Amino acid sequence: MTTPTLDQMLDARTALGAPLFSDLPGDIAVSFEFFPPKSDRMAETLWNSVATLAPLAPRFVSVTYGAGGSTRTRTHEQVVRIQNEAGIPAAAHLTCVNATREEVDAVARHYWEEGIRHIVALRGDPPEGASGYAPHPGGYENAADLIAGLKRVADFEISVAAYPEVHPDSPDAQADIDNLKAKFDAGATRAITQFFFDPECFFRFRDKAAAAGIEGEIVPGIMPVMSFAAVQRMSDLCGTAIPSWMEGLFEGLDERPAARQLVSATIAAELCRRLYAGGVREFHFYTLNRAELSYAICHMLGKRPTGTAK
């Protein structure tokens, strides 16, 4: 494990020793993830969220891609609109699923022509009804193969996924680290992790990545809990461990959404505070197209709208 510098030790003391979040300097960089809306009402919610979070000057925002490319058109529309109308660097998710290399390359080329310079490159989940992932005939085999292909199309900035608690399809943790290194070796710029709730889990993963020779940026993905039941379902799918104490904190709040949001923001902000104490300065928030929780967490970490005094 890397020995912390004196400045990092002072930062950690500030983060852990100050009352609540009172003295955090806001020296963090943030990014946000959205999903493409399925209706006009959901589109309005998305754009309200973009407008709320834009003053925090995110490094970028990303828009997800449905299983099997099911939201390809909507993803494209929202990515281009965010970059052009909101003035925020936007990243489009792109997967290997249900497409040939030529089809994926054509989508990437179109993004480049539209001024999009950032791709979140993912292997992708199996199409609905499939028993497991299998490369499309004539398609990219996996994320590392996709990244190499994207780099041949244009010099994209590329973010990839990382799994502190091991991808469900990986045989073991070392195979996961090896796969992540292959993605960086293929040209990835950074990795964004699956959501997690134990900061030590992230630190152990970061140390293993460094020991494997991975020098690229590894950004923790933060999932504020909108619904405990929903997080349980997502955790079961991706292998994220839920702390035993969390269910008790959300018990009885299903019919009290405002109280649930307060609890959720507090839990996520405390996770971020502990990550900050361990030297983390970049955070990626899975917003689920709801801005207030992510905004509140950033605020507690000292992040303020651009041009606004603390």
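**Note on a predicted model: helix H11, its surroundings, and the cysteines**

1. Ser 49 is buried, its relative accessible area being 4%. The model is a predicted one, and in it Ser 49 belongs to helix H2, which covers residues 40-53. Once neighbours within four places in sequence are set aside, the contacts of Ser 49 are with Phe 34, Asn 289, Arg 290 and Ala 291.

2. One of those contacts, Ala 291, is also among the buried residues of helix H11 (residues 291-300), a list that continues with Leu 293, Ser 294, Ile 297 and Cys 298. These buried residues of H11 pack against H2 and helix H10 (257-277), and also against strand E1 (29-34) and strand E9 (282-286). Just after H11 comes Gly 302, whose phi is positive, at about 95 degrees.

3. Another contact of Ser 49, Asn 289, deserves a separate look. Where is Asn 289 found? Asn 289 sits in the loop between E9 and H11, and with a relative accessibility of 3% this residue counts as buried. Although Asn 289 is not a glycine, its phi is positive, at about 65 degrees. As background for reading that value, most residues other than glycine have a negative phi.

4. Val 166 is a further residue other than glycine with a positive phi, in this case near 75 degrees. The residue lies in the loop that runs between strand E5 (157-162) and helix H6 (173-186). Is Val 166 buried or partly exposed? With a relative accessible area of 24%, Val 166 is partly exposed, because the buried class takes in values under 20% and the exposed class values over 50%.

5. How many disulfides does the structure hold? The number is zero, and Cys 272 shows how this comes about for one cysteine. The closest cysteine sulfur to that of Cys 272 belongs to Cys 298 and is 7.7 Å away, so the two are too far apart for a bond; a disulfide would require the pair of sulfur atoms to be within 2.5 Å. Cys 298 is the residue already met among the buried residues of H11.

6. The accessibility of the cysteines can be added to this picture. Cys 272 is buried, with a relative accessible area of 0%, and Cys 238 is likewise buried, with a value of 10%. A reader following the model may therefore take Cys 272 as a residue that is buried and whose sulfur is too far from that of Cys 298 for a bond.

Conventions:
Residues are numbered from 1 along each chain as its sequence is written. This is a predicted model: local features need pLDDT of at least 70, side-chain atom pairs count only at pLDDT 80 or more; totals for chains, interfaces and linings use all residues. Side-chain values use heavy atoms; hydrogens and water are left out. Buried means under 20% relative accessible area, exposed over 50%, partly exposed in between (1.4 Å probe, protein chains only). Helices (H or I, at least four residues) and strands (E, at least two) are DSSP runs, numbered from the N terminus. Contact means heavy atoms within 4.5 Å.
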